[in-house]
Amino acid sequence: MTAATHPLAPHGLPPFIGGADGSDPLFTAVVFILIAGLMGVAVLYFKLHSIPEHLAQKQNNGQTELIMVLAILALFTHNNLFWVAALVLALVKFPDFTSPLKSIAHSLRIMTKTEPEPEPEPEPEPEPEPEISAPITNEQEQ
């Protein structure tokens, strides 16, 4: 320690004991370690919650927006069911039911030689009636 150490104090004090000026190196080290550890856990937590979103974007999943909403709900509500549902939606590939149905409809049109129904034209808007401002007098007509 320094020359300001009391003469009756032991001369071989360990370095983690605070000095007379109020400095405490052990406390300072523990505070920095705890802050770094807390930030590391927070980053890990956020990375864990974003796994379903990354999987959905890599696979071009059709339910990407639903997966993102479920992951955010799980993050804010701490309800693990939402996160598991988002992970299952991201990993399971659902079959495409619309493409075969469209192909069948197209083949039936070719077989019957009909054209697809044209979309109806929108009805024209009625013309607005003219505004009547003042009655017409005999002098104005002539």
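Let's start in the middle of things: Ala56, Ile67, Leu70, Ala86, Leu89 and Ala90 form the largest nonpolar core, with six residues in all. Two elements, α3 and α4, each give two or more residues to this core. The largest share, three residues, comes from α4. Keep in mind as you look around that this is a predicted model.

One of the core residues is Ala86. What does Ala86 touch once its neighbours within four places in sequence are left aside? It is in contact with Pro52, Ile67, Leu70 and Ala71. Two of these names, Ile67 and Leu70, are on the core list as well.

**The overall picture**

Now zoom out. The protein has six helices and zero strands, so to speak a run of α-α-α-α-α-α when you read from the N terminus on. How much of the protein is buried? Buried residues make up 11% of its 142 residues. The protein exposes about 12900 Å², and carbon and sulfur atoms supply 66% of that area. What about contacts between parts of the chain that are far apart in sequence? Take the contacts between residues at least 6 apart in sequence: 40% of them join residues at least 24 apart.

**How helices meet**

Next, follow the chain through two helix pairs. Here they are in a small table.

| Helix pair | Axis distance | Angle |
|---|---|---|
| α1 and α2 | within 4 Å | roughly 40 degrees |
| α2 and α3 | 9 Å | about 170 degrees |

Begin with helix α1 (residues 25-49) and helix α2 (residues 51-58), whose axes cross at roughly 40 degrees. Because of that angle, α1 counts as oblique to α2. On the α1 side, the contact is made by Lys47, Leu48 and His49, and on the α2 side by Ile51, Pro52 and Glu53. Sort these contact residues by type and you get three nonpolar, one polar and two charged.

The second pair is α2 with α3, packed at an angle of about 170 degrees. Is this pair parallel or antiparallel? That angle makes α2 roughly antiparallel to α3. From α2 come Pro52, Glu53, Ala56 and Gln57, while α3 brings Thr64, Ile67, Met68, Ala71 and Ile72. This contact of α2 with α3 divides into six nonpolar residues, two polar and one charged. Pro52 and Glu53 may look familiar, since they also take part in the contact of α1 with α2.

**Three residues to find**

Try clicking on His49, which is found in helix α1. Is His49 buried or exposed? Its relative accessibility is 9%, so it counts as buried, the cut-off being under 20%. Not counting residues up to four places away in sequence, His49 touches Ala71, Ala74, Leu75 and Trp83.

Another histidine to look at is His78, found in the loop between α3 (64-77) and α4 (80-91). His78 has a positive phi of about 60 degrees although it is not a glycine. Where His49 is buried, His78 is exposed, with a relative accessible area of 57%.

Finally, look for Gly62 in the loop between α2 and α3. Is Gly62 buried or exposed? With 75% relative accessibility, Gly62 counts as exposed, because the cut-off for that is over 50%. How far is its C-alpha atom from that of Ala90? The two C-alpha atoms are separated by 9.3 Å, although Gly62 and Ala90 are 28 residues apart along the chain. And Ala90 brings you back to where you came in: it belongs to the largest nonpolar core.

Methods. Residues are numbered from 1 along each chain as its sequence is written. This is a predicted model: local features need pLDDT of at least 70, side-chain atom pairs count only at pLDDT 80 or more; totals for chains, interfaces and linings use all residues. Side-chain values use heavy atoms; hydrogens and water are left out. Buried means under 20% relative accessible area, exposed over 50%, partly exposed in between (1.4 Å probe, protein chains only). Contact means heavy atoms within 4.5 Å. Accessible areas come from the Shrake-Rupley method with a 1.4 Å probe; for residues, only the protein chains shown count as cover. Axes are lines fitted to C-alpha atoms, for helices over the stretch in contact, and angles run from 0 to 180 degrees between N-to-C directions. Angles under 35 degrees count as roughly parallel, over 145 as roughly antiparallel, 65 to 115 as roughly perpendicular and the rest as oblique. Ala, Val, Leu, Ile, Met, Phe, Trp, Tyr, Cys and Pro count as nonpolar, Asp, Glu, Lys and Arg as charged, and the others, Gly among them, as polar. A nonpolar core is a set of buried Ala, Val, Leu, Ile, Met, Phe, Trp, Tyr and Cys residues joined through side-chain atoms within 4.5 Å.
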